[in-house]
Amino acid sequence: MFKLFNIFKSKRQSVDLKKIEKDFHTNLLPIFKAIVDNLPSQYSYLKTRFDEQLLRGYVKNRVKDGTEFYVFLIDQEMHKKYETERNNFLLHNIKVYSNHLRDFVTLKIHINNNLPIGFEFSDKEWNFDVSQIDTSELKRLDYDNLEYQKWVKIIGNIPSDMIKSFDIISGFEIEIKAEKYFTIKELGNGDYIAIKETGQIFGLIHENNRIEEIFDNIDLMYSALRNKTFDFESYHENTN
């Protein structure tokens, strides 16, 4: 379903999350709020999702067929508050007037469990006229997490006492340096616990541009969680 753009590089690079957050809240979030205000009433609940405390920024994922794809950086604590029932869909055919192109561009918004997780559009500039938003031809595409279905053989059956500890339904595939991973736990601030194609468990830490192996296989992680020799919150705190 989604592949994050390669922010995890072999050489560490400085990532200014405060600048990303400020730029996003100043320049882009108001555009999304205006778009949501123009959606049909059945999507009015999304107004509370485009919130400064929930959405902290965005990172570029990829460019495909001339379309830029971006992933939202979501605050983990607020994520727990706003995520509701399983409800995954794509809203597309949203048209916003680009002052740069002097024409309408089409925007798509990806929703997972009633939370905005990504967006895509074909204009590289952010100069929109929010007084000209057209949702008259809005279309919705409902989907299941097909990528998870592809990774089931690698992940295996999650023990019933462990299911609520993971974010499998909203998980997605990440490709880093030709290696593929599937996120199984969102830690917040663009950080994840992920499983590799070969079965090892890794921490993908955005701010420090780090990929580190945590467990040789998923069963070892289950055992460590049960024995309380490992927990996601402490691990995440120690990576920052």
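**Close-up views of aromatic contacts, a loop residue and an open sheet**

**View A. The charged end of R140 is placed over the ring of F89.** In this predicted model, the distance from the charged end of R140 to the centre of the F89 ring is 3.8 Å.

**View B. Y70 and F119 form a stacked aromatic pair.** The whole structure contains 20 aromatic pairs. In the pair formed by Y70 and F119, the ring centres are 5.0 Å apart and the planes make an angle of 15 degrees. This pair connects distant parts of the chain, with Y70 in strand 2 (residues 67-74) and F119 in strand 5 (residues 115-121), 49 residues apart. Y70 and F119 are both buried. Both residues also belong to one aromatic cluster, whose other members are F24, F32, F50, Y58 and F72.

**View C. F166 and F232 form an edge-to-face aromatic pair.** The pair is classed as edge-to-face because the planes of the two rings stand at 75 degrees, with the centres 5.6 Å apart. F166 is located in the loop between helix 3 (146-155) and strand 8 (173-176), whereas F232 is in helix 5 (residues 232-239); the pair therefore ties together parts that are 66 residues apart in sequence. F166 and F232 are both buried.

**View D. T135 is a buried loop residue.** The loop that holds T135 runs between strand 6 (128-134) and strand 7 (139-142). T135 has a relative accessibility of 14% and so counts as buried, the cut-off being under 20%. When neighbours within four places in sequence are left aside, the contacts of T135 are N38, L39 and I94.

**View E. Five strands make up an open antiparallel sheet.** The strand order is 8-9-10-11-12. Strand 8 and strand 12 (210-215) are the edge strands, each pairing on one side only. On average, and with direction ignored, neighbouring strands of this sheet are turned by 40 degrees against each other. Strand 11 (residues 201-205) is joined to strand 12 by 5 bridges in the antiparallel sense. E212 in strand 12 is the bridge partner of G203.

**View F. Helix 3 and helix 4 are shown with the strands that they contact.** Helix 3 lies across strand 8, strand 9 (179-188) and strand 10 (191-196), and runs at about 100 degrees to strand 9. Helix 4 (residues 218-226) packs on the sheet, where it touches strand 9, strand 10, strand 11 and strand 12. The direction of helix 4 makes about 75 degrees with that of strand 12.

Definitions and conventions. Residues numbered from 1 in each chain as written. Predicted model: local features only at pLDDT ≥ 70, side-chain atom pairs only at ≥ 80, totals over all residues. Heavy atoms only, no water. Phe/Tyr/Trp six-rings, centres within 6.5 Å; stacked < 30°, edge-to-face > 60°. Helix = DSSP H or I, 4+ residues; strand = E, 2+ residues; numbered from the N terminus. Buried < 20%, exposed > 50% of the residue type's maximum accessible area, 1.4 Å probe, protein only. Lys NZ or Arg CZ within 6 Å of the ring centre and 35° of its normal. Contact = heavy atoms within 4.5 Å. Pairing = 2+ DSSP bridges. Axes fitted to C-alpha atoms, helices over the stretch in contact; angles between N-to-C directions.
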